[in-house]
Structure formats: C-alpha cells, structure tokens
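Trainee: I would like a close look at one part of this model, namely the nonpolar core, with enough of the surroundings to place it. Could you take me through it slowly, step by step?

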Amino acid sequence: MKKIVIVCFLFFVHTICFSVPNPGGNASIKQDLSGTGVVTPTISRTPSFQKPYPTNKWYNSLIYNDYSKPSLAMYTQPQLHIVSYQTVSQQRYNGCLLIGYPVLDAYVPWPPYDSQPGNCFTYSSDIVDNTRSQLCVTPTDLSNIPKTISTNDVKLKSFSDWACTMDNGQYEATFGQGMLFTYFDFKNNSNAMISYPNTLNANNSFKIYTDSSTHVTSTNTFTADKIILEVTSYYNTGNTSSRYHPTSSVRYYGIFLPTNTQIQLNAYSGSDPANSTQFINITFTGLSRYMSVGLMTSKDDFEDWYKYSYNFVTNTQATYDVTNQNKVKTDFNFTFNVKRSDFGLVTNQTLFAVMPHHYKKSSISLNYFNDKVFQTFRGKMKVVSGNKFSTQYQFQGMVPFLNHTISSSAVKTLITSSLDTDKNTNIDPAGYQADNTYYYGKNLAKVANLITVADNAGDITAKNLLISRLRTELANWFTYSSVETKKFFAYDSNWGGLIGINVGFGTQRYNDHHFHYGYFIYASAILAMYDDTFANRYGGMVELLIKDIANTTRSDSDFPYMRHFDVYEGHSWSNGMGGGQFEDSGFVYSDSIDEESSSEAMNAWSSIYLWGMATNKSSYFNFANSDKNIKLGIWLYTNHYNSIREYYFDADSGDSETEIYPSNLLATYGNHGSVGVLFGGRAWYYVYWSYTHGAREVKGIQLLPVTPAMTYLAYDKDYAENNFYAKMLTETPGDYYWNDVWEKYHSLFNPSSAWTNFTTNPTVDDGGTKSFTYHFINYFKQYGTPVTTYSADFPSYLVTEDSLGKKYFMIYNPLPINRVVRFYDSSDTYAGSVNVNAGSYVITSNLIKDTNPDNILVYPVPYKPHSGGSYDANGITFQNIGTNAKIRIFNVAGELVFETAQSTFFVWDAKNKYGNNIASGIYIYYITSNEGKTFKGKIAIER
C-alpha cells in the first residue's frame, strides 16, 4: 500500500522509522496518536533491529514491562527463561539468564479466591516465583569475577518465529519454544559462571558429573568440553492452609563447550552431606567462546545430546499451505550456525520437543528421538530430532450464514416477529461500554448477523435497513477527519500498529486487538457479501486491520509479523506486553503472557477467512490478497482449534497418557474439564472480572460469539455435550446467564433441547438477538448437527447429520461463476459432488455420484420469484444437461409435477404440467442423460 508519511523516533542511539500506511479508497486513518489522549508503552530497551516491534509474544518483556526489569518469566515449554534482577536476596547477579524446567503442581490462588477452593483452581508449578530456576548463567572476567550488568544493558537483539536472542552486553543467549538447548555466545573476553540461584541445604543440591556416573567433588581445575549438572530442588512454603503442595524435582542439564575449556568447582561451604557445589567457573582457553546448555530427561541422555549440541539455532521459520482438499500443512524449519563438526557429531540438526497439538491429530508422522518425553504445562512433549518437522490437519469447512428453507410457519413467524424489534437494535453502546472498540465491534457484528436473518426471512425492507445502518457505522469508523474525537483508527508509530479510538481493555498496550478488530472484520465481511460497493470503498481499511492482528509479511514496514498468533504453540496471546507480575510473602510471581477468550480469537481468524471469501470476486481487482486471506484464515482457524482442544478443553482428560492437566493434581480442587485463562506458566479456571455466574462465565468465555463460522465447537460432540456442557449445568444449575450463547452452543449437539430451552427463556446477552438465536438453533434442529466425516475441495461448506443419520451438505458459492464442489469421505475417497450456482448456496442430502460431475448445474436454489434478491430469476435453470436429456420434477409426496425433454439448457418457470404456478416447498428433480445416467437433486421454491 502507498505510504504517505515517514515518522521517526530516537531511542538511545538508534533511530527507528516507521511508515504510516494509507488504506486507500474512501477510507482514512489518523496518522498519529496526538490529541487522542492515548499513550502507548515506552520501549525501555532498544532492539538492534529497525522494523515494527513485536507485541503479544512470550519474550515481549525483554522490550518492555511495567516493573523496569529485564524480563518477566518467559515460558518456552518445556523450559522457563528469566533475565534476573535483584529483588530477592538469592538473585545476586543482575541482568543474567536464569534457566529452569518447571515442576507441575496445583494450588488454590491467592485471596480472595482462597475462600472458594471448590470453584477455582490454579494449575502451576514450583517455579512460579523467579527464584525457583535451576541455573543462573553469569558472565565473568578473566579472573572469574562476575561482571556488572545493568538492567538497561539487556536488549532483544533479534527474534524469529519461535525463538529469540537476548544481549546483555557480555553475552548473547538464544532460546525458544520447544528448544532443548540454550545457546550462549560470549564477547568482550567474558568467561562464564553457572550457579544455583537458591539456598543449598539437605533438600537442595547442585552436582557436577563428567559422565553419567562420575561425580566431581574436587575443586581442582579440569579440562573438558562437556559436563552434566544435576539439580535437586525442594519447595514448601510452610503455609498451613495447604495452598501449595510440597514439591521436589531433580533436573539434568548437559553443558557443552569448546575443546580444552577449563572448569572449576566452588564447593558449598556449609553442611554438605550431599557434596554439592555453589557454582562452577568456566574459562575459555581459545578464540571460541560459546556454550550450549541442554535440558535432558536423565543423565543417560548425555552422549546423545552431545552429538547435537554444537548446532546453534540462528533462525526458526514456519510456512503454511492449504491444499485443494483443504488440508492445512505447516512446515517448521530450523537453520544453524555449526560450531563444531567433529567426527561423531551430527551437523545441521537439533533435538527439540513437540507439543501435543503437533502430534495428536496431525496426519504427518514425526521423527521421535528414543521415546524421550517431558511433562510440561502443555502436557507431554515428545523429543524429535532433525532440522524441520511438519503438521497437517483437515479443515472442516466454514460458511458465512445459515440460509435455509424454514419448514415451519410458526418458527418463521417467531423469527420475523423478533426481527421487527431486533432490526432497530442500538448500535452505539452507552455507559461504560460507550465507544469502546470491543463493545462497538460486538454491536456491529450483531447487526451483520441480523442482515442474514432478514435475507433468509425474505424481509427485504429490514435487510436494506440493516445494510444501510451497518454501512453508515463502518464508514464512520473507517474514515477520519480532524474534528473527530472518537470512532476512528490512529496509527501508532511507536510500536507499529493501529489503535481504535476509544481504547478499551488495554488496547493501547496492544491487548486484545484480535478480539476487538475481529468483530469489525466480521461485520465488514458480511456487509461486503450484500453490498458490492463497500469493499471497493472501504476494503483497504479492513486489510489494515487484518495486517495489524495477523500480518503475513515478516519484513513489513508498518506492522509486525503475526502480532497475536503464536506459531509454535498454535494459538494466540492477548497480553500485549509480555505478562504481569505481583509479589506475595516475599516471593515475586510472574504469570507470563496470557489469553482468556480463545473463541473470540477464533472469531477473528474466521472473520479473515470470511473477508477473503466476500472479496474473492472478479469485480474486486484491487483485492489481490483475497485468496491469501482465505488461506490465512483457514490456517489460523484450523491450527488454533487443534491447540484449543488440548490446552483449553483438555478433551482427553482422564487418560493419563494423553491428557494435558494431570487429573490426580486437579482432584483436590475439582477438575472442571477446561480452563478460563491460559498463561505461559499457568492454567486458571477463572475469568479476569469478578464473576457471579461461575461456570456460565468461565466456560462461556470460550464459546462466544457463536456464529455459523464457529462450528469447530462441535467437532467433538461427545466432549461438548457430556463434558463441557454437562459440567456447566452441574456447576451452575438454574442459571441463565449468557443464555443465547449457551443454547446456540447446545444446538450444535442437541438442537431440539436447545430450541425448547431458548423458547422457554429467550434471554440474550449484549452481543446477541432473539431472531438470530432462533434462526441459528432452527437450522440445526431442521438439518442436524455438524459432522466432520466429509471434506470438500471448496472451503465454504458445512455437513450436518440428523438424528436418523441423514446427511445434509450446505455450500455457499460467492464466486461470479458456477462451481462443482466435490466431497470426500474420511478416507479421502471421492463421495460425490454438488453443483452450486454463482453467488448462491445449496443445501442437499444427495451427492451426485457421477465420476465426472463437472457438467450439470441447477440454479438458483432456493428460487424466490419476485423477491428482488439474489435468488430472484426468470426461473430455475438446468444447465449442461446434455443432448435430449429428460427432466422430471416430483413433490415430496412422490407425485410428478413436471417433465420435459431438452438439450443442454432449460429454464423452468416453476409451473406444473398444467401451466399453473406450483406452491412453495421442496421438490426433487431427476435428470436422465442421453446415455442413461440419472442425476438427482433437491430444489426449493419460496413465493
């Protein structure tokens, strides 16, 4: 996009310049934040790169945090890295890197939640305070005296997709997610000291071995290129309320060095029955000054880890693709700087640990290494060797709306009567919600959903009114003039991002942008499907919102790459600045980065897909990225679902081999079957606000907004019904908070019960309406619930199955050309096809079984004569039927309504064989070709 101004900022000695993007068309943004009253965070340490700064990353506190510390806890799974600071007496060496492997535990959170142990658990570790790391790496001078490092010396030097490099002036350290090695390059003639950062006693020990059995106790200097560290830690606060369990751990690290490196132990001077040491000094004797620290499962791993330890990771990068059958593949690649290539060493490969979502549902096998496993906050991580790995999942389709023939006149009356009120819903929120981009975005999406209801109900007046209202509101937000004080977006040249005015929930700190802006993108996508002019006028603004939350270009000069999405963990993070911190009883706690509403993140990814679907039309020549947005949305959505299934829902809970959160740990506090907030180093069954509706809120925040694009919630219907929903009912019986959210969710696995519940108590939250909820539930009541037993070669589809086992295939074709959509069963065997008209949708229970299904097209379906909408026409067209084909049309009672013999093309005017208009309803057509092949399908007529 065009750049209209360059803004530069001077930080220390680095001048950082970001260009200001121009959305083009009729859209515009404010070029800076001046006069808005909004101040974005100061960048307290200046990276050595000149591009938009990353936010919402696990390492973000290296650039900024509230406490003027070098970093908060950075959970890299299975490890934890922290840049130390002097707040607790044991942390003597300011600005140095602490390394640990957490021990899992469950405990009741701090007050006031201690009074509600049955309602809330926290799942965390004995490393929750920053003194519980196992190793501290400190630079020393030539006399092995620790060097002084200021907190301001610590910089983020570089980063890649799941790794980063910190620089404290004396060494650079590279570490990342899943990486089992931490790589150090020392400079300024620095040597190294590795110490145990906690109090040594009979329970806490720090031992050194030269191999799996030779324990070093002498303080004499010796020469080696590798040693083993065995660290034993014990943690018991002595809290009589049993808030914490006493926990202990034994951890093993391999230290890998250049040849002829000198090592000396400093013996523990107190009572030392375990022959522990306090620290070791490492002196480099040649020009090479590097070290890798490898986390091992036991001392027996030592020789194997040694073979891979000299390949220093320099870059990590993920690439993705979506195949024609909507298989979503991600390739994860490492690149290296090989420090040594001696005989017996493996070059250009490493050992790393993959997470459960990488291996449990992926169709690509991994190169597991000797069945080594680490138990972590994310379940069992398995060790893999190599320089790359891949995952592949099946995308199960996504539709923008649930247009259908409503079979019951009573249901249609209920929907239309509710729509009469809902169409006048207030868009502009009031009170504490006023002008906040979150609440405003929810209202915009609410109106967008009402457009689809009005269209399906055939209420043209209401549809046009809602389109006009939504167009006006979005145009207001997507343009800026100098007299405006709210309802616009401004560019932040400090970090490189868009800030919606007015801010809310910390969006000025880059919190929750994908939650807020996802609603704006969703509303824009639905509007663009009904208003061909909107995308051309304001589409550039939508593209900027997408770039703000999920930019695909790593070298972009306006926005960072993938602001919210964590490529390795497979989900997003909401916290913009790297986490929070608090102190309790002398301990410093850091929860690291976090995210609450996984479903609102999924709404953002589905909205990107829907925007691509809405703008992927031949008339939008200025939207060359529309297909990219479709694939981007599919990639984010599919990967995030597989991550949510594990780390939010723990769908395999109860199986000790596959569960994420060990059931035996949670039994004391109640295993709720899901979490409310996911942290880097914590899983919390709670929400950030002071809730009063228990599970209705804690679980419900993982559901809303329930739209046609959110059918992933029913991919595992057994879990949804018998775990998630059942536990909600058990914990909050008789409560109806967020009733429309819960009953729409309920309809994805038991629509009849959901219909009864909602019609009995039709209450809605501030993001919902009665008419949309009735419309949504009725679709699944009429056509059955979503199934994942089919895939298609076109992304906009939904397959459902009713209680009798009958399957329905819904396809929406937004393209200006007709499309044949092929379906495949779970074994990827071709199952049949559906012909879909340009700009229309089809619902059918019959797939065309012909092996060459590229010809016959029947449209529009449904046929709505004189409606003035996209389904109005001179009649129903039968195209490419072949020579001398016979067409027969029957009603659902099996009575012949009409028949004719035609060649190639025929338009049926919906009149029977006597020349009379036929009634509204469902009809079955049979087309018999000249070769004797028969094609069968359904059509619907709405008068």
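Mentor: Let us begin with the core itself, in what is a predicted model. The largest nonpolar core has 244 residues, and those that touch the most other members are Phe184, Ile194, Leu229, Met291, Phe478, Trp605 and Tyr745. Helix H6, which covers residues 513–530, supplies the largest share of this core, with twelve residues. Apart from this core lies another one, of 39 residues, and among its members are Val799, Ile876, Tyr923 and Ile941. As a general point to keep in mind, nonpolar side chains tend to be buried together in soluble globular proteins.

For the wider setting, the protein chain has 943 residues, of which 64% count as buried, and its secondary structure comes to 15 helices and 48 strands. If you take the contacts in the chain with a separation of 6 or more, 66% of them are accounted for by residues 24 or more positions apart.

Now choose one member of the core and look at what surrounds it. When residues up to four places away in sequence are not counted, leucine 229 touches Leu135, Ile194, Phe206, Lys207, Ile208, Arg251, Tyr252, Tyr253, Ile255 and Ile280. Ile194, which appears in that list, is also one of the residues that touch the most other members of the core.

Trp605, another of those residues, leads us to isoleucine 634, since the two are 29 residues apart in sequence and yet 7.5 Å apart in space, taken from C-alpha to C-alpha. Isoleucine 634 has its place in helix H9, residues 626–647, and its relative accessible area is 1%, so it is buried. Setting aside residues up to four places away in sequence, isoleucine 634 touches Val322, Asn326, Val328, Phe395, Tyr609 and Pro795.

Two pairs of helices are worth setting side by side. In the first pair, helix H4 (residues 437–457) and helix H5 (residues 460–477) have axes that come within 9 Å and cross at roughly 155°. Angles over 145 degrees count as roughly antiparallel, and H4 and H5 are therefore roughly antiparallel to each other. The crossing in which H4 passes H5 is left-handed. On the H4 side the meeting residues are Thr437, Tyr440, Leu444, Val447, Ala448, Leu450, Ile451, Ala454 and Asp455, while on the H5 side they are Ala462, Lys463, Leu466, Ile467, Leu470, Glu473, Leu474 and Trp477. Sorted by class, the residues of this contact of H4 with H5 are 13 nonpolar, one polar and three charged.

In the second pair, H13 and helix H14 (residues 751–760) pack at an angle of about 160°, and their axes are 7 Å apart. That angle makes H13 roughly antiparallel to H14, and here too the crossing, of H13 past H14, is left-handed. The contact is made by Asn739, Asp740, Glu743, His746 and Ser747 of H13, together with Pro751, Ser753, Ala754, Asn757 and Phe758 of H14. By class, this contact of H13 with H14 has three nonpolar, five polar and two charged residues.

Just before H13 in this account of the chain, tryptophan 738 lies in the loop between helix H12 (717–731) and helix H13 (739–747). The phi of tryptophan 738 is near 55°, a positive value in a residue other than glycine, and at 11% relative accessibility this tryptophan counts as buried. Asparagine 56 also has a positive phi, near 60°, and belongs to the loop between strand E2 (14–21) and strand E3 (74–75); with a relative accessible area of 0%, asparagine 56 is buried.

Other loops hold details of the backbone as well. A cis peptide bond, with omega about 20°, joins isoleucine 501 and asparagine 502, and asparagine 502 is found in the loop between strand E27 (497–501) and H6, the helix that gives the core its largest share. A cis peptide bond also joins valine 861 and proline 862, with omega about 0°, and proline 862 sits in the loop between strand E42 (857–859) and strand E43 (876–879).

Finally, glycine 673 is found in the loop between helix H10 (663–666) and strand E33 (677–679), and at 3% relative accessibility it counts as buried. Glycine 673 and asparagine 723 are 50 residues apart in sequence but 6.7 Å apart in space, C-alpha to C-alpha. Leaving aside neighbours within four places in sequence, glycine 673 is in contact with Tyr648, Phe649, Lys699, Tyr719, Asn723 and Lys727.

How values were computed
Residues are numbered from 1 along each chain as its sequence is written. This is a predicted model: local features need pLDDT of at least 70, side-chain atom pairs count only at pLDDT 80 or more; totals for chains, interfaces and linings use all residues. Side-chain values use heavy atoms; hydrogens and water are left out. A nonpolar core is a set of buried Ala, Val, Leu, Ile, Met, Phe, Trp, Tyr and Cys residues joined through side-chain atoms within 4.5 Å. Buried means under 20% relative accessible area, exposed over 50%, partly exposed in between (1.4 Å probe, protein chains only). Helices (H or I, at least four residues) and strands (E, at least two) are DSSP runs, numbered from the N terminus. Contact means heavy atoms within 4.5 Å. Axes are lines fitted to C-alpha atoms, for helices over the stretch in contact, and angles run from 0 to 180 degrees between N-to-C directions. Angles under 35 degrees count as roughly parallel, over 145 as roughly antiparallel, 65 to 115 as roughly perpendicular and the rest as oblique. A crossing is left-handed if the near helix is turned anticlockwise from the far one by less than a right angle, and right-handed if clockwise. Ala, Val, Leu, Ile, Met, Phe, Trp, Tyr, Cys and Pro count as nonpolar, Asp, Glu, Lys and Arg as charged, and the others, Gly among them, as polar.
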